[in-house]
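Hello,

Here is the structure I promised to pass on to you. Have a look at it first, and then read on for what turned up in it.

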Amino acid sequence: MIKLSHPLPLLASFALVVAACGGAPEPAPQVPVEPAQPAPETPVAPTGATPGPEASEQADGAAPAVSVVVPIEARSNSKLNGSATFTETEGGVKVAVQVSGAPPGKIAVHVHEKGDCSAPDAMSAGAHYNPENHPHGLPNGGERHLGDLGNIEVKADGTGTHEIVAKGANLKEGAPNSFIGRAIIVHEKQDDGSQPAGNAGGRIGCGVIAQGK
Ligand code: CU
Ligand code: ZN
């Protein structure tokens, strides 16, 4: 195809070569003109552009849901075993509790004010966590203690689960209405919603709500 005697066919075939090689022929003319500049400029542009998108992606993903898993240990000579997972959600803290070795039926679960499970009867955990001085209540009632989480439904085999969002609570250490540094208590009886604390009887399980453990 290349015929040196005819300029037009030569240009046409050169264009074909350029097209076939993609962008390769372009740097070649630049090198003789400005040998130093094209090389540095080419790497700088992509490197400068890359951190922009990455930084914004990190900002978007910088707030993963804070989650705390709390083992619940037996108290008051019970055979209870369990755990609770606390996760910050929009407007509150989602609490997912699971127990085994529990008495069948409904049993109360609360967040109590002190993160202290040291007493054999868990009375060291103090009263229901109630930072806003409300009356005691059940989840679907009106006002209630921030730590009032309702009842776990326990099956005949002694296992049960319960999930609830404690609206207004958070997991920020030292912040008002934080569950961090409190205790989760499982009771032997149902919380009937009565004052002052639901008449739920003894404390058969206790776990300290602490971060990073
Ligand atoms: Cu309680
Ligand atoms: Zn209460």
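Are Cys117 and Cys206 buried or exposed? Both of these cysteines are buried. Please keep in mind as you read that this is a predicted model.

**The disulfide**

These two residues are worth a closer look, as a disulfide joins Cys117 to Cys206, with an S to S distance of 2.0 Å. Cys117 sits in the loop between strand 4 and strand 5, while Cys206 belongs to strand 8, so the link ties together parts that are 89 residues apart in sequence. The angle about the S-S bond is -75 degrees, and the link of Cys117 and Cys206 is left-handed. The disulfide count for the structure is one.

**The overall layout**

Stepping back to the whole protein, you will find four helices and eight strands. Along the sequence the pattern reads α-α-α-α-β-β-β-β-β-β-β-β, with the helices ahead of the strands. Of the 213 residues, 33% count as buried. Among contacts with a separation of 6 or more, 57% are between residues 24 or more positions apart.

**The barrel**

The eight strands form a closed barrel in the order 1-2-3-6-5-4-7-8, with antiparallel pairing. Neighbouring strands of this sheet are turned by 20 degrees against each other on average, direction ignored. As a general reminder, strands of a sheet pair through backbone hydrogen bonds, in either a parallel or an antiparallel way.

If you would like a path through part of the barrel, try starting at strand 7. Strand 7 (residues 183-187) runs antiparallel to strand 4 (residues 105-112), and four bridges join the two. Here Val111 stands opposite Ile184 of strand 7. On to the next pairing: strand 4 and strand 5 are antiparallel too, over five bridges, and Ala108 has Asn151 in strand 5 as its bridge partner.

How many of the residues of strand 5 are buried? The number is six of its seven, which leaves this strand mostly covered. Strand 5 is also joined to strand 6 (residues 160-167), by two bridges and again in the antiparallel sense. Glu153 is matched there with Thr161 in strand 6. The hairpin of strand 5 and strand 6 has five residues between the strands, and Gly158 in this hairpin takes a positive phi near 85 degrees.

**The zinc site**

Last comes the metal. Which residues coordinate the zinc ion (ligand 2)? Three histidines and an aspartate do: His128, His136 and His145, each through ND1, and Asp148 through OD, at 1.9 to 2.1 Å. Along the chain these donors follow the spacing H-x7-H-x8-H-x2-D.

Why is the arrangement around the zinc ion (ligand 2) tetrahedral? The four donor atoms subtend angles of 103 to 116 degrees, and four donors count as tetrahedral if all angles lie between 85 and 135 degrees.

Two of the coordinating residues can be placed by their accessibility as well, with buried meaning under 20% relative accessible area. His145 has a relative accessibility of 8%, so it counts as buried. Asp148 is buried too, because its relative accessible area is 0%.

I hope this helps you find your way around, and do write back with any questions.

Best wishes

How values were computed
Residues numbered from 1 in each chain as written. Chains lettered and ligands numbered in written order. Predicted model: local features only at pLDDT ≥ 70, side-chain atom pairs only at ≥ 80, totals over all residues. Heavy atoms only, no water. Pairing = 2+ DSSP bridges. Axes fitted to C-alpha atoms, helices over the stretch in contact; angles between N-to-C directions. Donors = N, O, S within 2.8 Å, 3.2 Å for Na, K, Ca; no water. Tetrahedral: all angles 85-135°; square planar, octahedral: opposite > 155°, others 65-115°. Buried < 20%, exposed > 50% of the residue type's maximum accessible area, 1.4 Å probe, protein only. Disulfide = S-S within 2.5 Å. Contact = heavy atoms within 4.5 Å.
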